[in-house]
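Me: I have a protein structure open and would like to go through it step by step. Could you help me read it?

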Amino acid sequence: MGLLVALDRPGGYEELVGKLCSRVDGFKLGLPLLMARGPGYAGLLRRRCRDALWVADLKLADIGYVMRLTAGLVAEHVDAVIAHGFVGVEGALGELKDYLDSLGKRLVVVASMSHPGAREAYDHALPRILETLERLRPWGVVAPATRPGVVGIVRRRLGPGVAIMSPGVGAQGAEPGSALCAGADYEIVGRAITGSGDPVEAAERIRREQEARLSNCRGTSHGS
Ligand code: XMP
């Protein structure tokens, strides 16, 4: 069971990362934060919580050459980098994966997104993106907690060896634990924690809700 906290708003997170470090599994750093503070800020935060999983959410979607250049700016400070799935393997994700492999870093690829507009194009592309993921075999995949059915499709198709991360819990409406019940390894929560008056209490409450939902669904239909 995993909980990743999304840090998106430009701001100072050193204290928050220190407080949440023992309570969550990792942190996902958003583009607004990385652009405002610079890639080195990821390293500064990381020193506050070394054992966590650190993910740079650059939402890369470009040719391999440019994705390598971009990922290279932050890779030394994180464990994993997120890229979009629709750009394909040749000349794009394949090059990025080889580059990250050479650095000992992990590639996470978006299979579909959590917002309603993802139904317009992303969900239609899902069968093709699953083929891409089968060929590419990235370490991780992003699939939406708001549509647990998509999480289940990704899990069944790619098997147990891939780490599935699911945003959409909290501010976007999905209940804590719902994506875990569908087969995700981590739920990504941003505003419901970072925008709370008491982020530590919010993270602990979400943890409890994840546990409760997971123990219920394990007793019924976990993984469906
Ligand atoms: P909130 O505040 O809504 O933040 O909890 C959610 C975080 O997750 C990111 N996000 C996504 N990332 N595919 C992704 O790769 C998605 O479908 C998706 N939906 C949300 C968002 O950038 C924020 O950091």
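Reply: Certainly. Please keep in mind that this is a predicted model. A good place to begin is Asp-79, which lies in the loop between H4 and strand S4 (80-84).

Me: Is Asp-79 buried or exposed?

Reply: Asp-79 is buried, because its relative accessible area is 16% and the limit for "buried" is under 20%.

Me: Which backbone atom does its side chain reach?

Reply: The side chain of Asp-79 reaches the backbone nitrogen of Trp-54, at 2.7 Å.

Me: And what else is Asp-79 in contact with?

Reply: If neighbours within four places in sequence are left aside, the contacts of Asp-79 are Arg-46, Ala-52, Leu-53, Trp-54, Lys-105 and Arg-106.

Me: Trp-54 has come up twice. How many aromatic pairs does a search of the whole structure find?

Reply: The search finds two aromatic pairs. In one of them, the rings of Phe-27 and Trp-54 have centres 4.8 Å apart and planes at 25°, so this pair is stacked. Phe-27 belongs to strand S2 (residues 26-30) and Trp-54 to strand S3, so the pair links distant parts of the chain, 27 residues apart.

Me: Why give both a distance and an angle?

Reply: A pair of aromatic rings is described by the distance of the centres and the angle of the planes. For Phe-27 and Trp-54, the angle of 25° makes the pair stacked, because planes under 30 degrees apart count that way.

Me: Are those two buried or exposed?

Reply: Phe-27 and Trp-54 are both buried.

Me: New topic: charges. How many salt bridges does the structure hold?

Reply: It holds 15 salt bridges. One of them joins Glu-209 and Arg-205, with N and O 3.4 Å apart. Both residues lie in helix H10 (residues 199-218), four residues apart, which is about one turn of the helix. Glu-209 is partly exposed, at 30% relative accessible area, and Arg-205 is also partly exposed, at 29%.

Me: Which residues are joined into one network by salt bridges that share partners?

Reply: Lys-28, Asp-57 and Lys-59 are joined in this way. Within that network, the side chains of Asp-57 and Lys-59 meet at 2.8 Å, N to O. Asp-57 is buried, with a relative accessible area of 5%, whereas Lys-59 counts as partly exposed at 33%.

Me: Which salt bridge does Arg-147 form?

Reply: Arg-147 pairs with Asp-123, and their closest N and O atoms are 2.7 Å apart. This pair links distant parts of the chain, 24 residues apart: Arg-147 is in the loop between strand S6 (140-142) and helix H7 (148-158), while Asp-123 is in helix H6 (residues 122-136). Arg-147 counts as buried at 10% relative accessibility, and Asp-123 is partly exposed at 22%.

Me: Let us stay with H7. Which of its residues are buried?

Reply: The buried residues of H7 are Val-150, Val-151, Gly-152, Val-154, Arg-155 and Leu-158.

Me: What covers them?

Reply: The cover includes H6, S6, strand S7 (163-167) and helix H8 (178-182).

Me: And what happens just after H7?

Reply: Gly-159 comes there, with a positive phi of about 80°.

Me: Which residues other than glycine have a positive phi?

Reply: Lys-59 is one of them: although it is not a glycine, its phi is positive, about 45°. Lys-59 lies in strand S3. Arg-137 is another example, with a positive phi near 50°. Arg-137 lies in the loop between H6 and S6, and it is partly exposed, with a relative accessible area of 45%.

Me: Why point those out?

Reply: They are pointed out because most residues other than glycine have a negative phi.

Me: Last topic, the surface. Which residues form a nonpolar patch there?

Reply: Ile-63, Tyr-65 and Leu-69 form such a patch, and together they have about 320 Å² of accessible area.

Me: Where is Ile-63 found?

Reply: Ile-63 is in the loop between strand S3 (53-60) and helix H4 (64-74). It counts as partly exposed because its relative accessibility is 48%, and the range for that class ends at 50%.

Technical notes: Residues are numbered from 1 along each chain as its sequence is written. This is a predicted model: local features need pLDDT of at least 70, side-chain atom pairs count only at pLDDT 80 or more; totals for chains, interfaces and linings use all residues. Side-chain values use heavy atoms; hydrogens and water are left out. Patches are made of residues with over 30% relative accessible area and no salt bridge: like charges are joined within 9 Å, nonpolar side chains (Val, Leu, Ile, Met, Phe, Trp, Tyr) within 5 Å. Accessible areas come from the Shrake-Rupley method with a 1.4 Å probe; for residues, only the protein chains shown count as cover. A salt bridge is a side-chain nitrogen of Lys or Arg within 4 Å of a carboxyl oxygen of Asp or Glu. Helices (H or I, at least four residues) and strands (E, at least two) are DSSP runs, numbered from the N terminus. Buried means under 20% relative accessible area, exposed over 50%, partly exposed in between (1.4 Å probe, protein chains only). A polar contact is a pair of N or O atoms within 3.5 Å; within protein, one must be able to donate a hydrogen and the other to accept it, and residues adjacent in sequence count only if both atoms are side-chain atoms. Contact means heavy atoms within 4.5 Å. Rings of Phe, Tyr and Trp (its six-membered ring) pair if their centres lie within 6.5 Å; planes under 30 degrees apart count as stacked, over 60 as edge-to-face and the rest as tilted.
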